[in-house]
Amino acid sequence: MDEPQTIGDQDRAHLRRCVELAREALEDGDEPFGSVLVDARGTARFEDRNRVKDGDATRHPEFEIARWSAAHLSPAERAECTVYTSGEHCPMCSAAHAWVGLGRIVYATSTEQLTGWHREWGLPAGPVAALPINAVAPGVAVSGPDPDLADEVRELHARLHRVVGR
């Protein structure tokens, strides 16, 4: 795997859309995560947000992107795509990403940041190990986190958990 790539202005524009999608999810009563699939030409091909509030914990936007990609893109097209996301992929989504052969992942905030916020707020750990993408999918190029978006994403998660004095 290559060294992590820097996050450029075009990346940041797509990450900002991910944060907007995360905000939409939160406003709909869901967990604040959003993701966008962008092809090699820079065109957003698919986007989604978390949809786990009704009890299906697999309805992560990154997982939906992997499923959509497998159904609609060739293996070569998938490899050239970039997945942008408000939060680093969980192990389930990292595995799905790798299994369908998607390209680079760019995330606004890391698993380490999110688990740190949860510890700070006294929240219990989730049911799945909080692993970085490359611990699950070592061949996937990743970029992130983006320090310019950390406070905004943190605020969304604080609102979700009704943390006072964020």
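Two strands pair if DSSP finds at least two bridges between them. With that in hand, the tour can start; the model on screen is a predicted one.

**Stop 1: strand 1**

Select residues 34–38, which make up strand 1. Is this strand buried or exposed? Five of its five residues are buried, so strand 1 is largely enclosed by the rest of the structure. Turn the view to look at one side, where G34, V36 and V38 lie, and then at the other, where S35 and L37 lie. Both faces are covered, and these residues are all buried.

**Stop 2: the neighbours of strand 1**

Add residues 44–49, which form strand 2. Strands 1 and 2 run antiparallel and are joined by five bridges. To see one position in this pairing, pick L37 and look across to F46 in strand 2, which stands opposite. Then follow the chain from strand 1 to strand 2: the two form a hairpin, with five residues between them. In that turn, G42 has a positive phi of about 90°.

Next, add strand 3, residues 82–87. Strand 3 pairs with strand 1 over four bridges, also in the antiparallel sense. Which residue of strand 3 is the bridge partner of S35? The partner of S35 is T85.

**Stop 3: H60**

Move to H60, found in the loop between strand 2 and helix 2 (61–72). H60 has a relative accessible area of 18%. The cut-off for buried is under 20%, so H60 counts as buried. Now show what surrounds this side of the loop. Leaving aside residues up to four places away in sequence, H60 touches N50, V52, C90, M92 and C93.

**Stop 4: helix 5**

Select helix 5, residues 111–120. Colour T111, L114, G116, W117 and H118, which are the buried residues to look for here. Strand 4 and helix 7 are among the elements that cover them. Step just past the end of helix 5 to G122, where phi is positive, at about 75°.

**Stop 5: helix 7**

Finish with helix 7, residues 150–160. Which residues of this helix are buried? They are A150, V153, R154, L156, H157 and A158. Keep these selected and display helix 1 (9–27), strand 3, strand 4 (105–109) and helix 5, against which the buried residues of helix 7 pack. Strand 3, seen earlier as a partner of strand 1, thus appears again beside helix 7. The last residue to pick is R162, which follows helix 7 and has a positive phi, near 55°.

Terms used
Residues are numbered from 1 along each chain as its sequence is written. This is a predicted model: local features need pLDDT of at least 70, side-chain atom pairs count only at pLDDT 80 or more; totals for chains, interfaces and linings use all residues. Side-chain values use heavy atoms; hydrogens and water are left out. Buried means under 20% relative accessible area, exposed over 50%, partly exposed in between (1.4 Å probe, protein chains only). Contact means heavy atoms within 4.5 Å.
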